[in-house]
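Reader: I should like to learn how the descriptive terms for a structure are justified. Would you take me through the reasoning?

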Amino acid sequence: MATDILMPALSPTMTEGKLARWLKNEGDKVSAGDVIAEIETDKATMEVEAVDEGILGRILVQEGVEGVAVNTPIAILVEEGEDVPAASSGQTPAIAASAAEPVAAASAPAPSAKAASPKESSERIFVSPLAKRMAKERGIALGTLNGTGPNGRILKRDVEKGGNAAPAAAKPVPAAPIAVEGDITRVPNSTMRKVIARRLTESKTQVPHFYVSVDIELDALLALRSKLNATAEENSFKLSVNDMMIKAVGLALKKVPGLNVQFTDSETLHFENVDISMAVSIPEGLITPIIRNADLKSLREISREAKDLAKRARAGKLKPEEFQGGTFSISNMGMFGVRDFAAIINPPQAGILAIASGEKRAVIRGDQLAIATVMTATLSVDHRAVDGALGAQWLNALRDIVQNPYTLVV
Amino acid sequence: MSDTFDLIVVGGGPGGYVAALRASQLGMSVAIVESTHFGGVCLNWGCIPTKALLRSSEIHHLLHDLNTFGFSAENISFDLPKIVARSRGIARRMGGGIAHLLKKAKVTTFDGRAKLAGRAGEAHKISITKDGAEVAIIKSPNVILATGARGRQLPGLETDGKLIWGAREAMTPTELPKRLLVIGSGAIGIEFASFYRNMGSEVTIAEVADRILIAEDPEISAAARKAFEKQGMKIITGAKVGPLQKGENEVSTTIESSSGTVDLTVDRVICAVGIVGNVEDLGLEGTKVQVDRTHIITDGFCRTAEPGIYAIGDVAGAPWLAHKASHEGILCVEKIAGRSPQPLHALNIPGCTYSRPQIASVGLSEEKAIASGHKVRVGRFPFMANGKAVAMGETEGMVKTVFDATTGELLGAHMIGAEVTEMIQGYVIARTSELTEAELIETVFPHPTISETMHEATLAAFDGPLHI
């Protein structure tokens with residue numbers, strides 16, 4: 001029976017898109033999983049896969065047509081030997097095509113965080129329909145929940161437990177039963193633990209990391225921070241060094257955009273938007289909520305957003321789109337008094353900046369010994385997409401911004 | 001033969017024998033001790049033989065309604081001993097089936113009564129006696145108590161086997177009582193009332209609570225009462241039954257209720273006023289096992305307070321249902337085997353009453369759902385508007401669904417009418433799988449079936465039903 005292939009929604013917010021290219025012609029045989037077309041949205045170009053097999057009987061929306069609404073029939077799939085209807089019946093069961101990984105195209109400007117998110121969600125999560133709905137209503141990401149049902153299925157009780165988790169709970173409280181045998185305590189891995197393990201292993205084994213470190217003097221930035229905070233009326237804001245570093249990294253990525261990229265086998269994606277993922281440690285592991293367009297936002301906005309995201313991250317109440325995606329990451333361990341460390345890239349991003357503690361160190365100015373507050377920042381980069389010189393250049397740009405911090409407020 | 005097993009099961013009813021079979025499947029060496037007959041009350045004196053009787057009474061009812069279906073027949077009669085014999089034969093046959101299953105599973109069976117007799121190291125010792133003499137002592141680190149329950153005897157209402165019947169006497173009548181008083185309107189009382197009424201007895205039901213079938217949603221209780229009264233039963237709720245005056249072959253009593261005092265003389269009385277757990281002579285005194293009002297206290301995995309001793313089924317408390325016992329048997333054994341079973345969720349255990357009309361339910365009643373803080377959406381659909389029910393001549397019935405208005409969770413489903421005991425599993429699957437109204441609405445129900453009322457009752461709670 002003839003079935004309609006519908007314009008897919010490539011992201012939760014997509015309402016329409018451009019049919020960029022047909023990769024199959026009328027009369028071509030298609031199997032489930034074949035890429036049949038490319039769709040462009042304002043954010044990305046995505047491949048459309050067939051979810052059923054048959055013959056591409058008729059193309060209803062030609063290449064280059066813009067503003068095709070989601071769920072509009074774009075083609076008709078027929079069985080072999082079947083007559084091809086002239087138009088969509090509108091009544092035949094429709095098969096929505098599925099979106100594959102984002103594909104790069106020279107014309108594809110800025111794949112957004114959302115477009116890059118399928119990787120994050122590719123870990124299959126078993127969840128009951130009721131638990132799924134309750135988690136959505138409460139804004140709890142399923143990945144943060146520990147399923148206690150059959151085969152680790154997430155059930156209503158798991159959402160209720162997750163949703164009530166007090167943000168202040170400092171100690172990890174494993175929800176799953178813990179088996180104690182002799183000196184070993186066995187704690188079943190949560191879904192989040194598994195995702196972290198899989199993604200970081202993937203990163204360390206498949207992404208050739210290289211590291212560049214630089215010492216950055218913080219005194220000017222700290223002075224500016226004090227002045228700015230002094231102007232805050234009735235605690236209307238209180239900037240942290242981290243807030244200022246998010247903005248500085250955003251500006252550096254704008255200045256040296258070669259690091260705001262993503263490597264794929266065939267192409268390198270260059271992102272227009274600067275969406276910064278900030279690593280937040282939570283009892284179950286860590287999560288990376290995103291400050292979008294960090295280069296364009298004011299320090300005050302970044303500060304408010306970062307506080308809100310971190311708070312909700314610890315309460316397990318982030319929405320998927322708030323932590324999936326991002327174009328570059330920051331991991332800040334300044335509060336732990338560490339001198340320096342190197343972070344693992346958060347795939348599919350190409351870079352992550354590891355920020356250590358600011359501390360008073362001896363520095364040499366001219367031929368004089370002086371004291372300055374210095375912080376070591378280490379950049380980890382995907383060498384497939386970025387070469388060493390560019391990494392160094394970017395770090396220098398960052399140092400310039402931090403050491404001359406007025407650009408942060410101008 | 002070794003006297004040490006991986007597991008000893010005490011009691012061969014639907015809890016015990018299923019636990020033994022599952023343990024054998026998981027590779028354990030298993031012994032089961034049964035004093036009377038495999039299959040327990042369920043198979044021998046409960047679920048199965050009563051279903052056989054009720055089937056006969058349904059046929060009797062249909063034979064008296066032949067005209068509706070275009071038949072005529074004269075001199076319709078029945079042979080009660082034959083009806084009872086069929087019921088007993090079925091019970092025997094099923095019991096034999098269990099003995100065969102246990103043998104096939106290489107479960108060692110012991111004929112006798114089991115009693116905990118202290119420990120031998122890590123293991124619990126079980127002493128088995130037959131006719132007062134010890135016949136064996138066996139040992140195992142794991143003992144499942146599945147001794148079941150028996151009808152509760154209330155002072156003044158004790159069964160005597162002749163005029164005052166318990167379930168056993170009620171399912172082996174030699175002649176049909178012309179007038180019958182049933183005390184208690186739980187599933188057991190109602191099923192006997194329905195059987196005898198359909199066979200032609202004058203039946204009075206006395207229930208102490210303010211409605212019959214107290215475990216059901218009040219709306220279903222009311223519908224059931226209406227249906228039974230239409231069939232000619234007398235139902236007295238809020239009833240206080242006075243002393244039973246036994247005559248030669250009849251019983252007189254006075255029943256007080258808010259609607260006045262009734263003097264009643266009947267041929268037989270069936271007493272179905274709940275059950276008590278069989279916790280006596282099990283040797284529990286020497287253990288940490290806790291007993292509360294004749295029931296052993298257990299946790300979600302059927303563990304008692306004494307390590308290595310488990311209890312399942314009726315002896316471990318309500319609901320007193322064979323399928324609850326079997327399910328507990330399985331999860332208890334899986335826990336012992338180190339697997340990760342899910343604890344039993346009481347609200348996902350369906351309850352069925354095989355009267356005419358049948359009654360079935362799962363989850364919370366509307367009033368309990370509201371009382372526990374849910375904002376509810378309720379759907380109802382009558383059998384009257386269902387094609388198959390009309391074609392079958394079974395228009396008496398309804399389905400009621402209770403959903404959480406916010407999450408769409410199916411909180412409860414309540415059904416009365418033909419075949420509802422066969423249909424309730426659909427809602428049980430929905431509850432166990434945590435489906436919401438969306439999945440139920442998406443489901444294609446076959447037409448024409450009475451099960452379409454389940455779909456409509458869901459639609460009724462949300463978008464509105466289509467066929468009414």
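Author: Let us begin with a definition: two strands are said to pair if DSSP finds at least two bridges between them. The model before us is predicted. In it, B:Ser257 stands opposite B:Gly260 in β16(B).

Reader: What makes β15(B) and β16(B) a pair of strands?

Author: Pairing requires at least two bridges. Strand β15(B) is joined to β16(B), residues 260-266 of chain B, by 7 bridges. The requirement is therefore met, and the two strands run antiparallel. They form a hairpin, with 2 residues between them.

Reader: How do you know that β13(B) and β14(B) each pair with β15(B)?

Author: The same cut-off of at least two bridges applies. Strand β13(B), residues 240-241, has 2 bridges to β15(B), residues 251-257. Strand β14(B), residues 245-246, also has 2 bridges to β15(B). Each count reaches the cut-off, so both are pairs. Both run antiparallel to β15(B). In β15(B), B:Glu256 is the bridge partner of B:Lys240, while B:Ser252 is that of B:Gln245. A hairpin through 4 residues joins β14(B) to β15(B).

Reader: Why is A:Ser31 called exposed?

Author: A residue is exposed if 12 or fewer other C-beta atoms lie within 10 Å of its own. A:Ser31 has 10 such atoms, and therefore it is exposed. A:Ser31 lies in the loop between β3 (29-30) and β4 (35-40) of chain A.

Reader: Which residues does A:Ser31 contact, leaving aside its neighbours within four places in sequence?

Author: They are A:Ala50 and A:Glu53. A:Glu53 is 22 residues away along the chain, yet its C-alpha atom is separated from that of A:Ser31 by 4.2 Å.

Reader: What makes the crossing of α1(B) and α8(B) right-handed?

Author: A crossing is right-handed if the near helix is turned clockwise from the far one by less than a right angle. The axes of α1(B), residues 16-25, and α8(B), residues 322-336, cross at roughly 35° and come within 8 Å. The crossing of these helices is right-handed, so the near helix is turned clockwise from the far one. Among the residues that meet are B:Val18 and B:Ala19 in α1(B), and B:Gly329 and B:Ile330 in α8(B). By class, the residues of this contact are 6 nonpolar, 3 polar and 1 charged.

Reader: What makes a group of residues a nonpolar core?

Author: Its members must be buried residues of certain nonpolar kinds, joined through C-beta atoms within 7 Å. The largest such core has 197 residues, of which A:Val249, B:Ile144 and B:Leu145 touch the most other members. Helix α5 of chain A, residues 241-255, gives the most to this core, with 9 residues. Residues up to four places away in sequence aside, those touched by A:Val249 include A:Ile276, A:Phe328 and A:Leu398. A second, separate core has 18 residues, including A:Ala20 and A:Met46.

Reader: How many residues of each chain are in contact with the other?

Author: In this predicted model, 10 residues of chain A are in contact with 10 residues of chain B. On the side of chain A, helix α1 (residues 129-138) supplies the largest share, 5 residues. That side has 6 nonpolar, 2 polar and 2 charged residues.

Reader: What share of chain B is buried?

Author: Of its 468 residues, 47% are buried, which means that each of these has 20 or more other C-beta atoms within 10 Å of its own.

Notes: Residues numbered from 1 in each chain as written. Chains lettered and ligands numbered in written order. Predicted model: local features only at pLDDT ≥ 70, side-chain atom pairs only at ≥ 80, totals over all residues. Contact = placed C-beta atoms within 7 Å. Axes fitted to C-alpha atoms, helices over the stretch in contact; angles between N-to-C directions. Nonpolar A, V, L, I, M, F, W, Y, C, P; charged D, E, K, R; others polar.
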